[in-house]
Amino acid sequence: MLEEDPPDSGSVDMQLARRTLDLNRARSKVKRLIGRVKDLEDELGIRDQLGLPIDAPPIKARTKKSGEATAIAMLSDVHWGEVVDPRTINGMNEYTPEIAERAVRLFFQGIRDHIETQRAGVRIRDLILVLGGDLITGSIHDELQEVNALGPIPEAIEVQAAIKTGIRFLLDDRQLRIRVACVYGNHGRITKKRRHATGARHNIERLIYENLRVQFEDTKRVHWTVANGAHIYQQVYDNGIIRITHGDDCKFFGGAAGLSLPLHKAVKAWNTVRYADLTILGHFHQLKDFGHSIVNGSTIGFNAYALAIKAEFEPPRQAFFLWDKTHGKTIFAPIIVR
């Protein structure tokens with residue numbers, strides 16, 4: 001048999017170069033596809049993040065006349081137990097459990113003050129009190145075990161007592177009926193990493209809410225809705241559905257546009273699952289009204305972490321607004337808690 005000619009070295013090099021180019025192109029395409037898959041997971045995977053959304057009983061109009069509104073106030077990001085040393089942030093803030101107690105007291109006093117002021121122009125007989133999570137600081141980060149004055153259980157006991165006192169104070173207004181909507185935050189969890197479907201099983205705040213509910217179970221003017229998942233949906237009159245969540249499902253890593261763009265994307269994705277006229281959330285420690293959403297502030301205020309991530313300075317404050325029977329969201333009035 002005749003021997004075959006040896007392959008041309010130039011041809012082999014060209015084939016190898018072409019295969020290397022094809023491989024690089026394939027790798028680039030795979031990278032783009034992985035990125036696209038991640039984007040789709042962020043948008044469509046919201047269904048997993050919802051866990052078991054729950055409906056609160058709807059608020060119905062008390063009269064056929066116009067001029068009726070429901071007050072809505074949100075308490076979140078209290079971070080009871082955490083200590084802010086003014087020496088770590090140029091004296092801009094200070095926080096201790098004692099200051100936290102005063103802040104929560106001012107929150108409930110602020111609700112009463114705002115309601116009494118707004119009653120000059122509109123009937124207000126219903127209040128949605130949102131307990132929006134991160135009421136305790138917990139120990140999800142190693143640093144918190146160093147700076148906290150308390151531990152997760154003492155924090156839970158103390159903040160629960162403060163909220164109980166606040167609700168009893170609100171009930172002194174005999175005209176008021178209170179709907180308490182409770183969602184848990186990320187700081188109350190007892191697991192190292194966050195759980196989506198089973199987060200309620202591993203969160204101390206869920207226990208706080210159930211304890212409070214039991215203590216008020218014989219009080220007819222207080223109704224409790226405690227979330228098993230990330231979201232609660234509250235219908236108000238015939239013109240509003242409000243989505244209530246802690247907010248840690250909305251991913252924000254900074255940027256010139258601030259929170260507005262990622263929050264808009266999150267709300268748009270959530271609305272493909274279930275529509276809401278307004279979303280209220282906490283987590284980001286900045287009180288903002290974006291129209292489609294209201295983001296709550298905090299009672300802890302500015303700390304060393306906020307300084308490190310270059311967050312804008314904001315005084316400790318919480319959200320209060322009205323939902324009018326005819327006009328929807330109207331008055332937006334912060335509650336100053338320091």
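## Exercises on a predicted fold

Residue L281 stands opposite V295, a residue of β10. The exercises below start from this pair of strands. The model is predicted, so that local features are given only where pLDDT is at least 70 and side-chain atom pairs only at pLDDT 80 or more, while totals for chains, interfaces and linings use all residues. Residues are numbered from 1 along each chain as its sequence is written, and side-chain values use heavy atoms, with hydrogens and water left out.

### Exercise 1: The overall picture

**Task.** State how many helices and strands the protein has, and what its mean pLDDT is.

**Solution.** Step one is to count the elements, where helices (H or I, at least four residues) and strands (E, at least two) are DSSP runs numbered from the N terminus; the protein has 8 helices and 13 strands. Step two concerns pLDDT, which is the predictor's confidence in each residue, from 0 to 100: its mean over the protein is 87, and 89% of the residues reach 70 or more. Over residues 43–50, however, the pLDDT is below 50, although this stretch has 18 contacts in the model beyond near neighbours in sequence, a contact meaning heavy atoms within 4.5 Å. Step three is burial, where buried means under 20% relative accessible area, exposed over 50%, and partly exposed in between (1.4 Å probe, protein chains only); of the 338 residues in the protein, 46% are buried.

### Exercise 2: The open sheet

**Task.** Work out which strands lie at the edges of the open sheet of 6 strands, and in which sense β8 pairs with β7 and with β10.

**Solution.** Begin with the order, which reads β1-β6-β7-β8-β10-β9 with mixed pairing; two strands pair if DSSP finds at least two bridges between them. The edges are therefore β1 (54–59) and β9 (288–289), since each of these strands pairs on one side only. As a general point, strands of a sheet pair through backbone hydrogen bonds, either parallel or antiparallel.

Next, follow the pairs one at a time. Strand β1 and strand β6 (residues 231–236) pair in the parallel sense over 4 bridges, and I59 stands opposite V236 in β6. Further along the sheet, β7 and β8 are parallel over 3 bridges, with I244 opposite I280 in β8, and β8 and β10 are likewise parallel over 3 bridges.

Finally, look at what surrounds these strands. Both faces of β8 are covered, for L278 and I280 on one side and T279 and L281 on the other are all buried. Helix α7 (residues 260–273) packs on the sheet and touches β6, β7 (240–245), β8 (278–281) and β10 (293–295). The direction of α7 makes about 115° with that of β7, where axes are lines fitted to C-alpha atoms, for helices over the stretch in contact, and angles run from 0 to 180 degrees between N-to-C directions.

### Exercise 3: The length and packing of helix α6

**Task.** Find what span is expected for the 12 residues of helix α6, and which of its residues are buried.

**Solution.** The expected span of a helix is 1.5 Å times one less than its number of residues. For α6 (residues 204–215) this gives 16 Å, and because its end C-alpha atoms are 17 Å apart, the two values agree. The buried residues of α6 are I204, E205, R206, I208, Y209 and L212, and they pack against β3 (123–131), α5 (152–171), β4 (177–182) and β5. At the N-terminal end, N203 caps α6, a side-chain oxygen lying 2.9 Å from the backbone nitrogen of E205; such a polar contact is a pair of N or O atoms within 3.5 Å, where within protein one must be able to donate a hydrogen and the other to accept it, and residues adjacent in sequence count only if both atoms are side-chain atoms.

### Exercise 4: Two residues with positive phi

**Task.** Decide whether N90 is buried or exposed, and where H285 lies.

**Solution.** Start from the general expectation that most residues other than glycine have a negative phi. The phi of N90 is nevertheless positive, near 60°, and N90 is placed in the loop between β2 (68–75) and α3 (97–118). With a relative accessible area of 68%, N90 is exposed. Turning to H285, its phi is also positive, at about 60°, although H285 is not a glycine. H285 lies in the loop between β8 and β9, and because its relative accessibility is 25%, H285 counts as partly exposed.
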